[in-house]
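This report describes the fold, the buried core and the surface of one protein chain. The sequence and the model come first, and the description follows.

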Amino acid sequence: MTRFTTKLRTLFRPVSPTAMGTIQASDVSMYIQAQVDKANRIMGLTRRTYTYLDEQIFKFLFQVLVRPYLEYTAAVWSPFKVGEIEKIENVRRRATKQII
């Protein structure tokens with residue numbers, strides 16, 4: 001890392017491109033897991049918050065609050081490993097079980 005000093009502050013210039021925000025292939029599963037965790041937290045929050053949830057209301061809340069996280073994960077990160085795809089599908093299965 002290269003250091004530049006001005007009168008007010010010290011600035012650092014990254015040496016590698018990974019320090020500038022690019023994502024390596026090994027980090028993809030970490031980001032997919034983070035999105036799945038967010039979707040699970042939001043689904044649990046809606047389940048705890050609403051005392052009465054019929055199928056229609058839960059379906060609407062799932063589509064509005066949870067599904068965007070799953071679609072973002074599937075579209076942007078495009079999981080290709082079986083374990084990553086199963087993590088996303090487990091959220092959908094869990095939602096289906098809560099409706100029944």
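Helices are DSSP runs of H or I with at least four residues, numbered from the N terminus. By that rule, V64 belongs to helix α2, which covers residues 55-77. The model is a predicted one.

**Overall fold**

The protein chain contains three helices and two strands. Their order along the sequence is β-β-α-α-α. Of the 100 residues in the protein chain, 23% are buried. Among the contacts with a separation of 6 or more, 52% join residues that are 24 or more positions apart. The exposed surface of the protein chain comes to about 7,600 Å², and 57% of it is supplied by carbon and sulfur atoms.

**Helix α1**

Helix α1 runs over residues 28-49, which makes 22 residues. From the first C-alpha to the last, α1 reaches 32 Å, close to the 32 Å expected at 1.5 Å a residue. The buried residues in α1 include V28, I32, V36, A39, I42 and M43. Q35, G44 and T46 are also among the buried residues of α1.

Q35 can be followed further. This residue is found in helix α1. Is Q35 buried or exposed? Its relative accessible area is 10%, and because buried means under 20%, Q35 counts as buried. Beyond its neighbours within four places in sequence, Q35 is in contact with Y69, Y72 and T73. Q35 also lies 7.0 Å from L70, C-alpha to C-alpha, although the two are 35 residues apart in sequence.

**Helix α3**

Helix α3 spans residues 82-99, and Q98 is found in it. At 1.5 Å a residue, the 18 residues of α3 should span 26 Å, and this agrees with the 26 Å between its end C-alpha atoms. E84, I88, V91, A95 and Q98 are the buried residues of α3. For Q98 the relative accessibility is 18%, so this residue counts as buried. When residues up to four places away in sequence are not counted, Q98 touches M43, R47 and F58.

**The nonpolar core**

How many residues does the largest nonpolar core have? There are 15 residues in it, and those with the most contacts inside the core are M43, F62, V66, L70 and V91. The elements giving two or more residues to this core are α1, α2 and α3. Helix α1 provides the largest share of this core, six residues.

V66 shows which residues surround one member of this core. Leaving aside neighbours within four places in sequence, V66 contacts A39, I42, M43, L61 and V91. Of these partners, A39, I42 and M43 are among the buried residues of α1, while V91 is among the buried residues of α3.

**Salt bridges**

A search of the whole structure finds two salt bridges. They are set out below.

| Side chains | Distance, N to O |
|---|---|
| E71 and R67 | 3.0 Å |
| R92 and E89 | 3.0 Å |

E71 and R67 both lie in helix α2, where they are four residues apart, about one turn of the helix. R92 and E89 are in helix α3, and because they are three residues apart, about one helical turn separates them.

How accessible are the residues of these pairs? The relative accessible area of E71 is 40%, so E71 is partly exposed. R67, at 32% relative accessibility, counts as partly exposed. In the other pair, R92 has a relative accessibility of 29% and counts as partly exposed. E89 is likewise partly exposed, with a relative accessible area of 30%.

**A nonpolar surface patch**

Which residues form a nonpolar patch on the surface? They are F60, V64 and L65, and together they have about 270 Å² of accessible area. One of them, V64, has a relative accessible area of 45% and is therefore partly exposed. V64 is the residue of helix α2 named at the start.

Methods: Residues are numbered from 1 along each chain as its sequence is written. This is a predicted model: local features need pLDDT of at least 70, side-chain atom pairs count only at pLDDT 80 or more; totals for chains, interfaces and linings use all residues. Side-chain values use heavy atoms; hydrogens and water are left out. The expected span of a helix is 1.5 Å times one less than its number of residues. Buried means under 20% relative accessible area, exposed over 50%, partly exposed in between (1.4 Å probe, protein chains only). Contact means heavy atoms within 4.5 Å. Accessible areas come from the Shrake-Rupley method with a 1.4 Å probe; for residues, only the protein chains shown count as cover. Patches are made of residues with over 30% relative accessible area and no salt bridge: like charges are joined within 9 Å, nonpolar side chains (Val, Leu, Ile, Met, Phe, Trp, Tyr) within 5 Å. A salt bridge is a side-chain nitrogen of Lys or Arg within 4 Å of a carboxyl oxygen of Asp or Glu. A nonpolar core is a set of buried Ala, Val, Leu, Ile, Met, Phe, Trp, Tyr and Cys residues joined through side-chain atoms within 4.5 Å.
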